[in-house]
Amino acid sequence: MKTVIFDLDGTLADTSRDLIEAANACFIGLGLGRQLDPVKDAATAFRGGRAMLRLGFERVGVSDEHAIDAQFPLLLEHYEAGIDTYTTLYPGAMDAIRVLQSRGYFVGICTNKPEHLAEILMTRLGVRDAFASLVGADTLSVRKPDPAPYLAAVTRAGGDPARSLLVGDTDTDRKTSQAAGVPSILVTFGPAGDSVAALNPEALLPDYAALPRLVRELIG
């Protein structure tokens, strides 16, 4: 009944460039050109579509939540069309997951990406069947950092929240774990790097090879 739940963007997979391309397609459609850089703005990409749109609009002097709301559905369309153009799983992620499963852990996904997009992406990457649950931003009426999606991901995987933890990459994941009363492991190989240490997670993950050991230390 021990369960490990993973965030998706920035944790299991580097989706940043495909996300940036979708946002830039919106700005190009408005005649504003490419406002986001796939490397420099990767951390913003992992915070979601609205964060990318907000940053791009700020760079052209626009502060209008209505403009963001209007472009968001278009961003999702652009993203779905090119969802796996550049996206790759982080090295060692699936090897670590297979080790966890061989030791009796359930694994699932809790993401703030819309559920159908997460389903498409994990299927395209060929790994959807490895996860016993997938809860997205719109699966429930709330999203992370509310603990409900995380708890749903655990129970849908067949696990017990009291013997679970969350692997993520941002303060949203850290706040989610705190709200759920479970440990969190934050990766340091994303754009935020070692700065996630300031969030005081129970563990930091520099490489997926270390994950099985950390999980065992935290939940047995």
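In this predicted model, strand β4, which covers residues 106-110, pairs with β5 in the parallel sense over two bridges. At one position of this pairing, C110 stands opposite V135 of β5. C110 is also a buried residue, with a relative accessible area of 0%.

## The sheet as a whole

The pairing of β4 and β5 belongs to a wider arrangement. Six strands form an open sheet in the order β5-β4-β1-β6-β7-β8, and the pairing is parallel. Two strands pair on one side only and are therefore the edge strands, by the pairing rule of at least two bridges: β5, residues 134-135, and β8, residues 203-205.

Reading inward from β5 and β4, the next strand is β1. Strands β1 and β4 pair in the parallel sense over four bridges, and T3 stands opposite F106 of β4. On the other side, four bridges join β1 to β6, and these two strands also run parallel. Here the bridge partner of V4 is L165 in β6.

Strand β6, residues 164-168, pairs with β7 in the parallel sense over three bridges, with V167 opposite I185. Strands β7 and β8 likewise pair in the parallel sense, over three bridges. I185 stands opposite A203 in β8. The connection between β6 and β7 includes a helix: β6, α8 and β7 make a right-handed β-α-β unit.

The table lists the pairings of neighbouring strands.

| Strand pair | Bridges | Sense |
|---|---|---|
| β4 and β5 | two bridges | parallel |
| β1 and β4 | four bridges | parallel |
| β1 and β6 | four bridges | parallel |
| β6 and β7 | three bridges | parallel |
| β7 and β8 | three bridges | parallel |

## Faces of the strands

Side chains of a strand may point to either side of the sheet, and two strands illustrate how these sides are covered. In β1, residues 3-6, T3 and I5 lie on one side and V4 and F6 on the other, and all are buried. Both faces of β1 are thus described as covered. In β7, residues 184-187, S184 and L186 point one way and I185 and V187 the other way; all of these residues are buried as well.

## Cysteines

How many disulfides does the structure hold? The number is zero. A disulfide is a covalent bond between the sulfur atoms of two cysteines. Two cysteines may be considered individually. C26 counts as buried because its relative accessible area is 3%, which lies under the 20% limit. C110 counts as buried because its value is 0%.

## Pockets

Rolling a probe the size of a water molecule over the atoms shows where empty space is left. About 510 Å³ of space lies in the largest pocket. Of the 26 residues that line the largest pocket, R47, G48, G49, N112 and K113 are the closest to its centre. Three helices each supply at least two residues of this lining: α3 (49-59), α4 (65-81) and α8 (171-180). Helix α4 gives the most, with four residues. By class, the lining of the largest pocket has ten nonpolar, six polar and ten charged residues.

The second largest pocket holds about 160 Å³ of space. Its lining has 15 residues, and those nearest its centre are R47, D169, T170, A192 and V196. By class, this lining consists of seven nonpolar, five polar and three charged residues. R47 thus appears among the residues closest to the centre of the largest pocket and among those nearest the centre of the second largest pocket.

## Loops and local geometry

The loop between β5 and α7 (147-156) contains D138. Is D138 buried, partly exposed or exposed? D138 counts as partly exposed because its relative accessibility is 47%, between the limits of 20% and 50%. The C-alpha atoms of D138 and N112 are separated by 7.9 Å, although these residues are 26 residues apart along the chain.

P145 is placed in the loop between β5 and α7 too. A cis peptide bond joins K144 and P145, with omega of about 15°.

N200 lies in the loop between β7 and β8. N200 has a positive phi of about 55° although it is not a glycine. N200 counts as exposed because its relative accessibility is 56%, which is over the 50% limit.

How values were computed. Residues are numbered from 1 along each chain as its sequence is written. This is a predicted model: local features need pLDDT of at least 70, side-chain atom pairs count only at pLDDT 80 or more; totals for chains, interfaces and linings use all residues. Side-chain values use heavy atoms; hydrogens and water are left out. A disulfide is a pair of cysteine sulfur atoms within 2.5 Å. Buried means under 20% relative accessible area, exposed over 50%, partly exposed in between (1.4 Å probe, protein chains only). On a 1 Å grid over the protein atoms alone, a cavity is a set of points where a 1.4 Å probe fits but cannot get out, and a pocket is an open set with protein on both sides within 12 Å along at least five of seven lines; lining residues have an atom within 4 Å of a point. Grid points are joined across faces, edges and corners, and a volume is the space filled by probe spheres set on the points. Ala, Val, Leu, Ile, Met, Phe, Trp, Tyr, Cys and Pro count as nonpolar, Asp, Glu, Lys and Arg as charged, and the others, Gly among them, as polar. A crossover is right-handed if, with the strands pointing away from the viewer, the path from the first strand over the helix to the second runs clockwise.
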